[in-house]
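Q: I should like to learn how to read the features of a protein model. Could you guide me through one example?

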Amino acid sequence: MQNIISPISPPNDSYNDICVICCNKSVSPVTLNSCGLDNNNNIKPIKCAYSLKNPTCLTCTRKYIKSKYYNYEYNCLAGCCKIKNKGFLAYGELNRSPDDVAEPRMWKKMGSNGVTKCYRCDEECNTVLDLGIHIKKKCKLTKIKCFVCSEYYNRSEEKEHQKNCYFYCRWCGPTKNITIYFDKNNKKKIRHNCLENNIKKTILNKHSNA
């Protein structure tokens, strides 16, 4: 049977608040994104029906997806659908950007009915949405992946790490006229307008202490 895409709301009050991966109460619960067909048989993203009723912890979900890194696609946790290997797009709200929290609408709807205390730094955030924002953008103990050396470091160590880890132009020197941006496929890219040499493609090197 074809899986036809249809609008699906975030989980309601009847969803299971126990993560099926770690068997504890879900922390920043998220749902998985599968692929379905619209009425014209075009492939479109669709929510995994099982995960809508059984959302899993944000961290547990990321670990599960990471364990499938070398698979083009893999089964959802119940085996009812296939998940495409698209990193952060494999879970959370459909069509979100890398800078968005995973489930803004669902977490807002949950209010304070869920885990609201940060498991990393123990800060009380009062609501599920505020906890998600805290983990994503504020928590000093959240791990960040360096775009240059691919190493992970705590957010509190970011400035110190960037002092010794950066892209540089062989002619212009460190960090001059270098812009890091996301392309239309949400892939991180780097752009540099070389002022010292009139060349079509500049050569950027990596300096890293990692």
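The dialogue below takes up the overall make-up, the cores, one helix, the charged side chains and the backbone angles of a predicted model.

Q: How many helices and strands are in the protein?

A: The predicted model has 5 helices and 11 strands. Of its 210 residues, 34% are buried. Contacts along the chain can also be sorted by sequence separation: among those between residues at least 6 apart, 50% join residues at least 24 apart.

Q: Which residues have the most contacts inside the largest nonpolar core?

A: A core of this kind is a set of buried nonpolar residues joined through side-chain atoms within 4.5 Å. The largest one here has 20 residues, and Leu32, Ile83, Tyr91 and Trp107 have the most contacts inside it. Three helices each supply at least two of its residues: H2 (58-67), H3 (104-110) and H4 (128-138). A second core, separate from that one, has 9 residues, including Val27, Cys57, Cys118 and Cys125.

Q: Which residues does Ile83 touch?

A: Leaving aside residues up to four places away in sequence, Ile83 touches Leu32, Asn33 and Ser34, then Tyr72, Glu73, Tyr74, Asn75 and Cys76, and also Ala90.

Q: Why do the buried residues of H2 line one face of the helix?

A: The general idea comes from the geometry of the helix. An α-helix has 3.6 residues a turn, so residues three or four places apart point the same way. In H2 the buried residues are Leu58, Cys60, Thr61, Tyr64 and Ile65. Viewed down the axis of H2, these residues fall within an arc of 165°, so they line one face. The face of H2 turned away from the buried side carries the exposed residues Lys63, Lys66 and Ser67. Strand E3 (73-75) is included in what covers the buried residues of H2.

Q: How many salt bridges does the structure hold?

A: To read a salt bridge, one looks for a side-chain nitrogen of Lys or Arg within 4 Å of a carboxyl oxygen of Asp or Glu. The structure holds 2 of them. In one, the side chains of Glu73 and Lys84 meet at 3.0 Å, N to O. Glu73 belongs to strand E3 and Lys84 to strand E4 (residues 82-84), so this pair ties together parts that are 11 residues apart in sequence. Glu73 is partly exposed, at a relative accessible area of 30%, and Lys84 is partly exposed at 21%.

Q: Where do Glu93 and Arg105 lie?

A: The side chains of Glu93 and Arg105 form a salt bridge at 3.2 Å, N to O. Glu93 lies in the loop between E4 and H3, whereas Arg105 lies in helix H3, so the pair ties together parts that are 12 residues apart in sequence.

Q: Is Lys47 buried or exposed?

A: The criterion for a buried residue is under 20% relative accessible area. Lys47 counts as buried because its relative accessibility is 11%. Lys47 is part of strand E2 (residues 43-47). The next step is to look for polar partners of its side chain. One polar contact joins the side chain of Lys47 to the side chain of Asn33 at 2.5 Å. The Lys47 side chain also reaches the backbone oxygen of Gly92, at 2.6 Å. As for the surrounding backbone, the C-alpha atoms of Lys47 and Ala90 are separated by 9.6 Å, although these residues are 43 apart along the chain.

Q: Which side chain of opposite charge is nearest to Arg96?

A: Arg96 is found in the loop between E4 and H3. Arg96 is buried yet has no salt bridge, and the nearest side chain of opposite charge is that of Asp100, 6.5 Å away. The backbone must be read separately from the side chain. The backbone oxygen of Asp100 lies 3.4 Å from a polar atom of the Arg96 side chain.

Q: What is the phi of Asn95, and what is that of Asp122?

A: Most residues other than glycine have a negative phi. Asn95 has a positive phi near 60°. Asn95 sits in the loop between E4 and H3 and is exposed, with a relative accessible area of 70%. Asp122, also not a glycine, has a positive phi of about 70°. The place of Asp122 is in the loop between H3 and H4, and Asp122 counts as exposed at 52% relative accessibility.

Note on methods
Residues are numbered from 1 along each chain as its sequence is written. This is a predicted model: local features need pLDDT of at least 70, side-chain atom pairs count only at pLDDT 80 or more; totals for chains, interfaces and linings use all residues. Side-chain values use heavy atoms; hydrogens and water are left out. Buried means under 20% relative accessible area, exposed over 50%, partly exposed in between (1.4 Å probe, protein chains only). Helices (H or I, at least four residues) and strands (E, at least two) are DSSP runs, numbered from the N terminus. Contact means heavy atoms within 4.5 Å. A polar contact is a pair of N or O atoms within 3.5 Å; within protein, one must be able to donate a hydrogen and the other to accept it, and residues adjacent in sequence count only if both atoms are side-chain atoms. The arc is that of the directions from the helix axis to the C-beta atoms. Lys and Arg count as positive and Asp and Glu as negative; His and the chain ends are not counted.
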